[in-house]
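Reader: I'm new to this one. Can you walk me through it?
Author: Sure, here it is.
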Amino acid sequence: MLDKIGIAKRIAQELNDGWYVNLGIGIPTLVANYVPKGLNVEFQSENGILGMGAFPYEGEEDADYINAGKQTVTILPGGSIFDSATSFAMIRGQHIQMTVLGAMEVAENGDIANWKIPGKMVKGMGGAMDLVASADNIIVAMMHTNKRGKSKLLKRCSLPLTGVACVRRIVTNMAVLDIKDGAFVLVERAPGVSVEEIQNATEGKLVVEGEVPEMKL
Amino acid sequence: MNKIVNTATEATKGIQDGMTIMLGGFGLCGIPENCIAELVKMCVKDLTCISNNAGVDDFGLGLLLQKKQIRKMISSYVGENDEFERQMLSGELEVDLIPQGSLASRCQAGGAGVPAFYTPAGFGTEVAHGKEVRYFNGKPHILESALTADFAIVKAWKGDRYGNLVYKGTARNFNPLMAMAGKITIAEVEEIVEPGELDPNFVHTPGIFIQRIFQGDTFEKRIEQRTVRQKES
């Protein structure tokens, strides 16, 4: 079973040299810490940064330089700053090669819900709806089950949708799964996790083809 | 050409109950904090505020929410404000949540004379309810309308008496888009400079979009999430 850092490390293996990547808030943000050596990847923050760098050194933080999670950040040499319309032109115009975001629920057809629990929690969708409506390569980073142990990989989402039939791959604490032909196709198991355990934690249709390899981290 | 006014009081003259106001900023970054403080003082109410976020409980638009001066908010993300969530869930506050990219483009369209546009964002979700759907290149899109405001209030780093503006860092965000969409646009800046000091090649908002400009008294520039790393020894 992976922890949040393990999930981030596994997603970092999806990166390719020269890619522009948008990371959502939470586990996705951690992916930036595990870019494989030798790869050049530029991170986009939808509030208007390309070439986002690490957190500033203590005492050098500047309120005018934040990321989409409202955290103080730095900008790398070669980076750029732009307004919100230009930022979403990059996103909607498919200039970003990989998008990683969190989710409350994913359905077997690739639907995703991550912005609202009616009557309880309404934070808003932020940029998530624009991201999932346009990006080709959407990877969801999340725990396989919720706090009450219920599966987050469902036949159909029960919460209001963020986007329809858009998720390509899911990396959880238990497995890597692809959405294909209306099912979750098991790609890899987390270290020490059996196919049966994954099956039991997955409410939607799970397809298991042959030997399923264990992740290499 | 001289659009300079001396104070936030002068700049916000004419803002009345029931008006629609756009306010630039992302989180607390690049918000017009001097004008927000003035709106609190003016006690204007029943405002419709268009802003990506709603501040935090005790800063930014949260100050107007606390005093119940806002009737309706149009935003994309409001997760940092408990009072906002309380007012929304109890029905005291009308809220229109829209995707962030659509919000940016709707402001830009409003300022650019484009009444509406199609976007894929929100198709198949509750955002699409009641909106026209049309297919382009085999993909569904929804029709989103432009946004304009009685007053747009933006915050910039430097500006001159022509209204030319330069923003700093990610404090740019929605400011240049909203600057275009106000019937009257107010710019509050950290520093007023002489005409010619801003290199025309690097002006972010051309002065034509600005009607009033003033230098703010103080800028607290509160940081929402202070994240730092330690220096390697």
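Author: What follows covers the contact between the chains and then a sheet in one of them; the model is predicted.

Reader: How many residues does each chain put into the contact?
Author: Chain B brings 52 residues and chain A brings 49 residues.

Reader: And how much area do they bury between them?
Author: About 4,300 Å², with 58% of it on carbon and sulfur atoms. On the chain B side, the most area is lost by Thr170(B), Thr227(B) and Arg229(B), which together make up 16% of what that side buries.

Reader: How many salt bridges between chain B and chain A?
Author: Seven. One of them pairs Lys168(B) with Asp64(A), where the closest N and O atoms are 3.4 Å apart. Polar contacts across the interface come to 30 residue pairs, with both residues at pLDDT 80 or more.

Reader: Which helix of chain B gives the most to that side?
Author: α5(B), with six residues. By class, the side of chain B that touches chain A has 20 nonpolar, 19 polar and 13 charged residues.

Reader: Switching topic. What is the strand order in the open sheet of chain A?
Author: The order is β7-β6-β11, three strands with mixed pairing.

Reader: Why is one side of β7 and of β11 left without a neighbour?
Author: β7 (112-113) and β11 (153-154) of chain A are at the edges and have a single partner strand each, so one side of each has no neighbour in the sheet.

Reader: How does β6 connect to β11?
Author: In chain A, β6 (residues 105-107) runs parallel to β11(A), and two bridges join them. Opposite Ala107(A) stands Leu154(A), in β11(A).

How values were computed: Residues numbered from 1 in each chain as written. Chains lettered and ligands numbered in written order. Predicted model: local features only at pLDDT ≥ 70, side-chain atom pairs only at ≥ 80, totals over all residues. Heavy atoms only, no water. Contact = heavy atoms within 4.5 Å. Buried area = accessible area lost by both parts, 1.4 Å probe. Salt bridge = Lys/Arg side-chain N within 4 Å of Asp/Glu carboxyl O. Polar contact = N/O pair within 3.5 Å; in protein donor to acceptor, adjacent residues only side chain to side chain. Helix = DSSP H or I, 4+ residues; strand = E, 2+ residues; numbered from the N terminus. Nonpolar A, V, L, I, M, F, W, Y, C, P; charged D, E, K, R; others polar. Pairing = 2+ DSSP bridges.
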